[in-house]
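Open the model in your viewer and give each chain its own colour. We will go from the whole assembly to single residues, one selection at a time.

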Protein chains: 2
Amino acid sequence: MTPPVFILVRPQMGENIGAAARAMLNFGLEGLRVVDPRDEWPNSRAVAMASGAGRLLDFAGPYEGVNAAVADCDYVFATTARSRYITKPVVTPERAMEQARALAAEGKRVGVLFGPERAGLENEDIAFANSIVTVPVNPDFPSINLAQCVLLMGYEWRRQTAEVPAEVMVMAGTDFASRIEVEKLGDHFEERLEAAGFFFPPEKAPGMKLAIRQMWARLALTRADVQSLHGMLRQIARKLQ
Amino acid sequence: MTPPVFILVRPQMGENIGAAARAMLNFGLEGLRVVDPRDEWPNSRAVAMASGAGRLLDFAGPYEGVNAAVADCDYVFATTARSRYITKPVVTPERAMEQARALAAEGKRVGVLFGPERAGLENEDIAFANSIVTVPVNPDFPSINLAQCVLLMGYEWRRQTAEVPAEVMVMAGTDFASRIEVEKLGDHFEERLEAAGFFFPPEKAPGMKLAIRQMWARLALTRADVQSLHGMLRQIARKLQ
């Protein structure tokens, strides 16, 4: 597996380069390349902003020209708003990183180009790319910055590769109650409620009892919940006597 | 469709509140709520940072206590790292916004809680939530900030609702060439190459010709590409005569 390299083309602010490095490492990506940065390199503001992700900057170049930065790439994406003037496939970040994962699994190196803060990528930069990636922003308020764009691409890479289960039930030192424990809780409530005259009128009692059993079954109670409910009921009964 | 409300609990920096408002509007969300902000309200730094998304702040409260901010919500997510001490479902941002879309489609109001910058949500805050959302970050470098977390949740909301096609082919003022146009291009090349003695030795010629036809078929040439290749070939032939 060859993870993609993220290539910042003519970035202007050191802070944004540092923030991009952090965003990459947040999602486990380390291959950062910087092409023709506006300011000196190494860039002290980039280093300060990157903090724990500073090592990404040590291996980031800088490269002279996009050509040099993509030379060893097998497939290149350009992140930019969709243009009517370039004949090219336009994919979502999700589809792009799906494709990147498939390419990476074959040992291919994927590059992702990110444009400078103000102007974005030029057509000359996009000419190096096989496809365009466009983040599906609100067309009435599309402003997302360089580090945010890097963050979203990194997030999609991780989503495609990390195999995080969509949903897990975390059990804090307990288990779900067994059927028999839930039954006994139902019995305990029924007994106390019977004694309290809750099931009235008598002809409605079977329906009321069934509804309460349905509720206990539906609630996915833990063993701790069941103990706690037994305890509440016992204490209230004790107080009432 | 009732879009979810994003609830910032005890946010500290005005800049982060403004950046969160921007990130929400980038993905078409407008329901921002602020609970017990550290500084004065309205917050001038939040307003400056929000710029085009300033109107979200005008309707953001502030609310006193999480209780007040979630009072009209039918389902609440808490964004936080997974905890071993709370028995609750933990979902990915994707699954959370899938569920939010389903609830929104039934007219239910979904709230998403975001904790303060430094400490994150307290257990007392999480007690208001039905489920926990955890962004699948790199466990060795998990630091993502408040506005980034809001950005990712907003992105997932839009991904679940905007119906953006995963891939489209943008044609800049041209169409794909028809089969017959590609055939004629193949004929033109074959004729010129034949004249140039390219198909040698003769017994290999059929295989070479077929391979070139396969290439033209595979390349997904546009009408403009075909014209351009005819033109190149004609000009080279003219020069050679």
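Before the first stop, one cut-off to set in your selection tool: contact means heavy atoms within 4.5 Å. Keep in mind as well that this is a predicted model.

**Stop 1: both chains.** Superpose chain A on chain B. A turn of 180° with a shift of 0.1 Å along the axis lays one on the other with an RMSD of 0.1 Å. The two copies are thus related as by a two-fold rotation axis.

**Stop 2: the interface.** Now select the residues of each chain that touch the other. You should find 51 residues of chain A in contact with 50 residues of chain B. Of the interface residues of chain A, 98% are also interface residues in chain B, so the copies meet through the same surface. Between them the chains bury about 4100 Å², with 59% of that area on carbon and sulfur atoms.

**Stop 3: polar links across the interface.** Which residue of chain A forms a salt bridge with B:Glu94? Select A:Arg159: its closest N and O atoms with B:Glu94 are 2.8 Å apart. The count of salt bridges between chain A and chain B is six, and the count of residue pairs in polar contact is 27. To see where chain A's side comes from, colour the elements that give two or more residues to it: helices H1 (14-26), H5 (93-105) and H7 (146-161), plus strands S4 (88-91) and S7 (167-170). H7(A) gives the most, with seven residues.

**Stop 4: helix H7 of chain B.** Move over to chain B and select residues 146-161, which make up helix H7. Its 16 residues reach 23 Å from the first C-alpha to the last, close to the 22 Å expected at 1.5 Å a residue. Is this helix mostly covered or mostly open? Mostly covered: 15 of the 16 residues of H7(B) are buried. Zoom in on the start of H7(B), where a side-chain oxygen of B:Asn145 comes to within 3.1 Å of the backbone nitrogen of B:Ala147. Then step past the helix to B:Glu163, which follows H7(B) and has a positive phi, near 50°.

**Stop 5: B:His188.** Finish in helix H8 (residues 179-195) of chain B, where B:His188 lies. This histidine has a relative accessible area of 12%, under the 20% limit, so B:His188 counts as buried. Show what surrounds it: leaving aside neighbours within four places in sequence, B:His188 is in contact with B:His230, B:Leu233 and B:Arg234.

How values were computed. Residues numbered from 1 in each chain as written. Chains lettered and ligands numbered in written order. Predicted model: local features only at pLDDT ≥ 70, side-chain atom pairs only at ≥ 80, totals over all residues. Heavy atoms only, no water. Least-squares fit on C-alpha atoms with pLDDT ≥ 70 in both. Helix = DSSP H or I, 4+ residues; strand = E, 2+ residues; numbered from the N terminus. Buried < 20%, exposed > 50% of the residue type's maximum accessible area, 1.4 Å probe, protein only. Expected span 1.5 Å × (residues − 1). Polar contact = N/O pair within 3.5 Å; in protein donor to acceptor, adjacent residues only side chain to side chain. Buried area = accessible area lost by both parts, 1.4 Å probe. Salt bridge = Lys/Arg side-chain N within 4 Å of Asp/Glu carboxyl O.
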